[in-house]
Amino acid sequence: MKKILSTVLLTATFILSSPTQAIIGIATDSEATAIAGLALMDISQIWVVESRSTTRRTRRGGFSRSTYVTYRVITYPAFLIAGLVLLDEQGRAEITANLSNEQIAQAKLSDAEVAALKSEIEEVNAIKDMIASEISSVENDEQRMEKAGQLWTSYSEVLSEDTAIALFKLASLEK
Amino acid sequence: MTQNLIKLIIFIGLLCGTMQSFAHKIVLLTSLNPETNRPPLRLKSWNINKKLEKKFNQYLSKFNTSLSAEVIHFAGPTELYRTLRDPEVTALIWVGHAGFGDSEGLGQTRSIVDHKGRDIKSLFQAAGPQLKYLALVGCQGAFFLNEWRDKGYFSHVPKLQTYGREVKTDARKGLRKAMKRLEELVDHDSKFLEQETSQPSIKSPFQYYQKNDDQYEIAQVIRLNEAKEEMEAVQILQKDRLIAFFPQSNTIQAKEVLIKRSNLKSAKKIVLESGFGPLTKDINLGRLNIEADEGGHWDLFQTPSGKPIGIGKHIYQHIGD
């Protein structure tokens with residue numbers, strides 16, 4: 001109960017302190033409860049009520065002002081609502097040579113190919129970084145993919161043949 | 001009169017020396033950019049680093065024993081390394097972003113990053129023999145600590161107690177739990193953080209030698225060539241094992257380190273790693289010179305046209321005769 005209350009308070013605090021949105025409340029306690037329960041999950045939803053004013057010219061040449069409220073659902077990551085600073089990191093994608101027997105069998109890798117990949121895994125990742133850097137300026141997804149393929153073909157010349165084949169077989173499995 | 005004065009000075013010197021040998025310090029290293037770690041709709045003045053420092057001092061005041069404490073914000077590899085090796089530091093709490101993931105396919109994503117996005121996970125292997133407590137406050141920090149223990153990276157610090165969580169972690173909550181764990185350890189043994197008069201005899205594989213050292217013969221030289229401009233801090237790795245570290249430098253001078261010859265014999269490859277990701281531009285890594293006196297030479301991994309391959313890291317391969 002204490003957690004729920006503190007979450008409601010926290011939520012209300014940040015909503016009311018918003019200088020840009022005239023948000024005047026959250027809909028139900030049950031949603032706040034859900035937020036408390038979902039504090040470490042990715043997404044939750046809250047209802048907000050917004051108050052807006054418009055001014056328009058009347059037929060008589062004067063001005064009239066009307067105020068109305070809108071209801072909408074906004075979606076925020078729950079951890080942001082609770083004011084938390086999550087220390088997660090998407091991480092650098094690294095290619096690993098720690099393959100399961102199942103993966104090796106599925107990709108039909110020979111012992112020599114597995115050994116070569118393990119031996120040259122640093123070089124493979126260095127090439128991956130180069131390619132990631134070089135394709136970062138290509139905006140079109142399709143073109144980026146195509147460019148990456150060309151670069152892999154080009155850079156694989158500095159790898160042993162067994163490593164290049166192992167990569168190709170494993171990448172084919174991923175499709 | 002003069003003799004008495006000299007005796008007094010000697011006595012004070014001895015006293016200070018004794019106190020020095022028992023010095024123990026707890027250090028909080030945070031590596032978070034306040035601008036990108038501010039919950040939405042907070043004022044500009046809301047600063048995660050200030051919040052963490054305040055909490056840290058609050059928790060410290062609850063300890064029964066008096067501790068010397070230090071807080072360093074915006075810590076990078078150089079600060080982390082120096083703290084890990086500082087003979088006075090017996091407890092270290094690192095707060096930063098981390099992720100530990102495996103995918104079913106070819107890839108894995110594992111990194112502990114500083115406020116500039118540098119991956120500094122390998123540096124924790126440099127823990128000095130004086131360290132008694134290491135807390136990794138970041139998401140899934142426990143997985144890193146477990147893996148390092150399994151791989152024997154902390155075998156030279158057998159008394160090291162660690163703390164990390166397996167789940168996603170909020171900075172302040174993680175810090176609170178890390179401090180709570182330390183408090184429990186100190187409550188259980190009031191001398192937990194005190195330095196021992198004799199250091200453990202187990203030698204770290206991460207060890208440098210000096211040229212006038214008796215053991216120079218078993219060492220091999222790794223030299224980072226003169227920098228023409230500011231050079232990034234670099235870790236020198238063999239597989240994922242840290243074998244040396246060069247701190248950040250803006251002076252024009254060569255850096256040299258001697259490492260165990262046996263380390264180089266086991267695997268004929270060395271990685272010079274800044275920790276920066278592939279989308280970072282213009283990183284000056286300098287060039288390594290490795291004196292290979294057992295024959296052969298060390299070459300930089302590069303394209304046939306001579307372009308080094310790797311962003312933020314270089315690979316050196318041993319080429320036999």
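Guide: Two strands pair if DSSP finds at least two bridges between them. Keep that in mind as we look around; this is a predicted model.

Visitor: Okay, so in what order do the five strands of the open sheet in chain B come?

Guide: The order is E2-E1-E3-E6-E7, and the pairing is parallel.

Visitor: Which are the edge strands?

Guide: Strand E2 (68-72) and strand E7 (161-164) of chain B, since each pairs on one side only. On average, neighbouring strands in this sheet are turned by 10 degrees against each other, direction ignored.

Visitor: How many bridges link E1 and E3 of chain B?

Guide: Six bridges, in the parallel sense, join E1 (residues 25-30) to E3 (residues 89-95) there. For a spot to look at, find B:Ile26: B:Ala91 in E3(B) stands opposite.

Visitor: And what does helix H5 of chain B lie across?

Guide: That helix, residues 171-188, lies across E3, E6 (133-137) and E7 of chain B, and runs at about 165 degrees to E6(B).

Visitor: Switching topic: in the largest nonpolar core, which residues touch the most other members?

Guide: Of its 78 residues, those are B:Leu92, B:Ile93, B:Ala135, B:Val137 and B:Leu175.

Visitor: What is B:Leu92 in contact with, leaving aside neighbours within four places in sequence?

Guide: Its contacts include B:Val27, B:Leu29, B:Leu84 and B:Leu134.

Visitor: Now chain A. Which residues of helix H5 are buried there?

Guide: In H5 of chain A (residues 111-119), they are A:Glu113, A:Ala116 and A:Leu117. Looking down the axis of H5(A), the buried residues fall within an arc of 100 degrees, so they line one face of the helix.

Notes: Residues numbered from 1 in each chain as written. Chains lettered and ligands numbered in written order. Predicted model: local features only at pLDDT ≥ 70, side-chain atom pairs only at ≥ 80, totals over all residues. Buried ≥ 20, exposed ≤ 12 C-beta atoms within 10 Å, placed from the backbone. Helix = DSSP H or I, 4+ residues; strand = E, 2+ residues; numbered from the N terminus. Arc of directions from axis to C-beta. Axes fitted to C-alpha atoms, helices over the stretch in contact; angles between N-to-C directions. Contact = placed C-beta atoms within 7 Å. Core = buried A, V, L, I, M, F, W, Y, C linked by C-beta atoms within 7 Å.
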